[in-house]
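Please look over the sequence and the structure shown here before reading on.

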Amino acid sequence: MTGSRTPLIAGNWKMHKTIAEAEEFIQALLPRVFSADGIDIGICPPFTSLQAMVDSARGSAVRVYAQNMHHADQGAFTGEVSAAMLSELEVQGTILGHSERRELFGETDKSLALAVPQALEAGLEPILCVGETEAERERGDTERKLRHQIQEGLAKVADDRLADVVIAYEPIWAIGTGLTATPEQAQEACAFVRALVGQRSQEAADRVRILYGGSMKPENAAELLALPDVDGGLVGGASLDPEAFAAIVEAASA
Ligand SMILES: O=C[C@H](O)COP(=O)(O)O
């Protein structure tokens, strides 16, 4: 992290927590992060808990993000929600292109290229996820994959809006596996992502926030968050527990 970029620690709950469980979580989290200064804290609950979390977190340091959004204004897209529907809820933003969405629900770079500017236009902060599989890393294709995902995903974003996108580097082999990228691997990939943004605009590259995601937990957070090109974390499993999540926020404040 560098002093010029505000760190963001965002918890992606995936398909976990009912409204009652989400309420219990936020009531336990708020006093634990009360004094976290200069850190943006985000939670990304399922759609069903968004309104309740926005209401409960109002006035606190915690911002609420959705986990997904469709790129169209409206239409026959059963099960999807639009940017306008999310901004009406007063959420801060939304995750886009999580590897689980890409792998299990067929999301493509092409559809994400439409969703990212759509979110920005609606006043939402997109968290665009990118990352390589284990096989891609083993055959030396990490940079090629990241280049493709970043170039395509940001293709329709104007240069002067690039820094309003948050990018999450999540090596797929580290998600939910307990395997974490080494600090060298995380730094190398995040620096590469920043350089890709720099090919469009150096100013944006200096300002854009790049998160690391993949088995981040209290035990490894400080080391990862100290890396110069890692500006925060997109936390899965460890974000389900208020104590563990608060400890990661604490590591970002150190
Ligand atoms: O969005 C979060 C990531 O998929 C990381 O999940 P994880 O921390 O459970 O590995």
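The questions and answers below concern this predicted model.

Q: How many helices and strands are there in the protein?
A: The chain is described here by its secondary structure elements, which are numbered from the N terminus. The protein has eleven helices and eight strands.

Q: What is the radius of gyration of the protein, and why does the protein count as compact?
A: For 254 residues the globule rule gives 18 Å, and the value for this protein is close to that, so the protein is as compact as a globular protein of that length. Along the principal axes, its C-alpha atoms fill a box of roughly 45 × 45 × 35 Å. The radius of gyration is 17 Å.

Q: What share of the contacts with a separation of 6 or more joins residues 24 or more positions apart?
A: Of the 254 residues, 44% count as buried. Among contacts with a separation of 6 or more, the share from residues 24 or more positions apart is 72%.

Q: Which residues does the UniProt annotation "active site" cover, and why can they be said to gather at one spot?
A: The annotation comes from an unreviewed UniProt entry. The residues it covers span 73 residues in sequence, yet no two of their C-alpha atoms are more than 8.6 Å apart, so they gather at one spot. The residues are His98 and Glu170.

Q: Is histidine 98 buried or exposed?
A: Histidine 98 is located in the loop between β4 (93–96) and α4 (99–105). Beyond residues up to four places away in sequence, histidine 98 touches Gln67 and Cys129. A residue is buried if 20 or more other C-beta atoms lie within 10 Å of its own. Histidine 98 has 26 such atoms, so it is buried.

Q: How many C-beta neighbours does glutamate 170 have inside 10 Å?
A: Glutamate 170 belongs to the loop between β6 (166–169) and α8 (183–200). Its contacts, leaving aside neighbours within four places in sequence, include Ser99, Cys129, Ile175 and Leu234. Glutamate 170 counts as buried, and its number of C-beta neighbours inside 10 Å is 27.

Q: Which residues does UniProt place under "binding site", and why do they form one spot?
A: The feature is taken from an unreviewed UniProt entry. Its residues span 226 residues in sequence, yet no two of their C-alpha atoms are more than 13.9 Å apart, so they gather at one spot. The residues are Asn12, Trp13, Lys14, Gly176, Ser215, Gly236 and Gly237.

Q: Which residues are closest to the ligand?
A: The ligand is surrounded by 14 residues. By class, this shell has five nonpolar, eight polar and one charged residues. The closest are Asn12, Ile175, Gly213, Gly236 and Gly237.

Q: Is glycine 176 buried or exposed?
A: Glycine 176 sits in the loop between β6 and α8. Leaving aside neighbours within four places in sequence, glycine 176 is in contact with Gly236 and Gly237. A residue is exposed if 12 or fewer other C-beta atoms lie within 10 Å of its own. Glycine 176 has 12, so it is exposed.

Q: Is glycine 236 buried or exposed?
A: Glycine 236 lies in the loop between β8 (232–235) and α11 (242–253). Its contacts beyond four places in sequence are Asn12, Lys14, Ile175, Gly176 and Gly213. With 23 other C-beta atoms within 10 Å, glycine 236 is buried.

Q: Which elements do the buried residues of α2 pack against?
A: In helix α2 (residues 47–57), the buried residues are Ser49, Leu50 and Met53. Seen down the axis of α2, they fall within an arc of 125°, so they line one face of the helix. These buried residues pack against α1 (19–33), β2 (40–44) and β3 (62–66).

Q: What distance separates the C-alpha atoms of isoleucine 127 and glycine 59?
A: Isoleucine 127 is part of strand β5 (residues 125–130) and is buried, with 31 other C-beta atoms within 10 Å. Glycine 59 comes just after α2 and takes a positive phi of about 85°. These two residues are 68 residues apart along the chain, and their C-alpha atoms are separated by 22 Å.

Conventions. Residues numbered from 1 in each chain as written. Predicted model: local features only at pLDDT ≥ 70, side-chain atom pairs only at ≥ 80, totals over all residues. UniProt positions renumbered as here; feature names shortened; annotations may be inferred. Helix = DSSP H or I, 4+ residues; strand = E, 2+ residues; numbered from the N terminus. Contact = placed C-beta atoms within 7 Å. Arc of directions from axis to C-beta. Rg over C-alpha atoms; globule rule 2.2 N^0.38 Å. Near = placed C-beta within 6 Å. Nonpolar A, V, L, I, M, F, W, Y, C, P; charged D, E, K, R; others polar.
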